[in-house]
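Biologist: Before I rely on the descriptive terms used for a model, I should like each one justified. Could you take me through them?

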Amino acid sequence: MDPTTDNAAPTGDPAAARAALEALRAEIAKAVVGQDSAVTGLVVALLCRGHVLLEGVPGVAKTLLIRSLAAALELDTKRVQFTPDLMPSDVTGSLVYDARTAEFSFQPGPVFTNLLLADEINRTPPKTQSSLLEAMEERQVTVDGTPRALPDPFLVAATQNPVEYEGTYPLPEAQLDRFLLKLTIPLPSRQDEIDVLTRHAEGFDPRDLRAAGVRPVATAADLEAARRAVAATTVSPEITAYVVDICRATRESPSLALGVSPRGATALLATARAWAWLTGRDYVIPDDVKALALPTLRHRIQLRPEAEMEGVTADSVITAVLSHVPVPR
């Protein structure tokens, strides 16, 4: 084998990569019913090297969704249940003394995976929550002064319950801003719920995805080819200005105590590019920005208490901003 081939630039057909990622939706649907928008959001996050906050009541298949995505992409996945007594080393790993060698060796924690499901992240104290910040931002973990790189791709999918807040530690704004998208997982429609129960009556076992027929339809190589294609997607100056105007408008909203930061504007531009490429275009249009505005921005703004009391929501504020900011032609 030619030793230079190992260092050659990866190759991949963007059209084939797009087809493979589009096939994810149908493959995951073999295990998860009616969550197409969440699947799309997770794919967008993978394309943008971002992370996702999943919000939904218990029992709406958040864990199954991540496991199915990992199976369809042939990626490694781990789950951590965040509890009040969880320590940072339980997530990142720690040095362990080996009596045989009389030396300390690093024992990797569950963060060393491709898809990490951080279940009920707001149930653990800020010290443990912060253990994920370096991993999410720098894609590495530092233990005893030694940085250790995480696998690529790497995505944190953190869940939180939108109803029960007793005994929780709300995520600070700086940590929320690290999540590329906040996806809401709704309760299924009547027909979707009937389909779920029918599958279970026919013997579906959520712990056995292979028996459910979920097979790898895309690979990490497809994902890398797709990322390069997304990076080449054209963004006109008008679209860039449109994104900036949307984010600046949130800072002037009377309903908000905190508007979208420049990091949020960068995130919206990135997700719009990924969505444009997924829909088959090599350029971004205003509709791409509008399509990703809610999941990209809803967790980056903070309502004023009086607006909250009046029933104003983050989504309604962003929707109002989108309706008022002039759309480029």
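The exchange below sets values against the definitions behind them.

Modeller: This is a predicted model, in which local features need pLDDT of at least 70, side-chain atom pairs count only at pLDDT 80 or more, and totals for chains, interfaces and linings use all residues. Residues are numbered from 1 along each chain as its sequence is written, and side-chain values use heavy atoms, with hydrogens and water left out.

Biologist: What makes the radius of gyration of the protein chain agree with that of a compact globule?

Modeller: The radius is taken over C-alpha atoms, and the globule rule is 2.2 Å times the number of residues to the power 0.38. For 329 residues the rule gives a value near 20 Å, and the protein chain has 21 Å, so the two agree. The C-alpha trace spans about 65 × 50 × 50 Å along its principal axes.

Biologist: How many helices and strands are counted in the protein chain?

Modeller: There are 14 helices and 11 strands. Both are DSSP runs numbered from the N terminus: helices are H or I with at least four residues, and strands are E with at least two.

Biologist: Why is Ala272 called buried or exposed?

Modeller: Buried means under 20% relative accessible area, exposed over 50%, and partly exposed in between, with a 1.4 Å probe and protein chains only. Ala272 has 0%, and is therefore buried. Ala272 belongs to helix 11, residues 262-278. Over the whole protein chain, 45% of the 329 residues count as buried.

Biologist: Which residues does Ala272 touch, leaving out those up to four places away in sequence?

Modeller: They are Val284, Asp288, Val289 and Leu292, where contact means heavy atoms within 4.5 Å. Pro84, by comparison, is 188 residues from Ala272 in sequence and 37 Å from Ala272 in space, C-alpha to C-alpha.

Biologist: What class of accessibility does Val217 fall into, and why?

Modeller: Val217 has 26% relative accessibility, so Val217 counts as partly exposed. Val217 sits in the loop between helix 8 (190-201) and helix 9 (220-231). Beyond four places in sequence, the contacts of Val217 are Ala20, Ala23, Leu24, Glu27 and Ala72. The C-alpha atoms of Val217 and Glu22 are 9.4 Å apart, although 195 residues separate the two along the chain.

Biologist: What makes Phe106 and Phe112 an aromatic pair, and of which kind?

Modeller: Two pairs are found by the rule, as the count comes to 2 aromatic pairs. Phe106 and Phe112 form one that is edge-to-face, with 5.7 Å centre to centre and 70° between the planes. Rings of Phe, Tyr and Trp (its six-membered ring) pair if their centres lie within 6.5 Å; planes under 30 degrees apart count as stacked, over 60 as edge-to-face and the rest as tilted. Phe106 and Phe112 are both buried.

Biologist: Which backbone features deserve notice in Ala102, Arg139 and Pro153?

Modeller: Most residues other than glycine have a negative phi, and most peptide bonds are trans. Ala102 has a positive phi near 55° and lies in the loop between strand 3 (93-98) and strand 4 (103-108). Arg139 also has phi near 55°, and occupies the loop between helix 6 (131-138) and strand 6 (140-143). At 21% relative accessible area, Arg139 is partly exposed. The peptide bond from Asp152 to Pro153 is cis, with omega near 5°. Pro153 is in the loop between strand 7 (146-149) and strand 8 (155-160).
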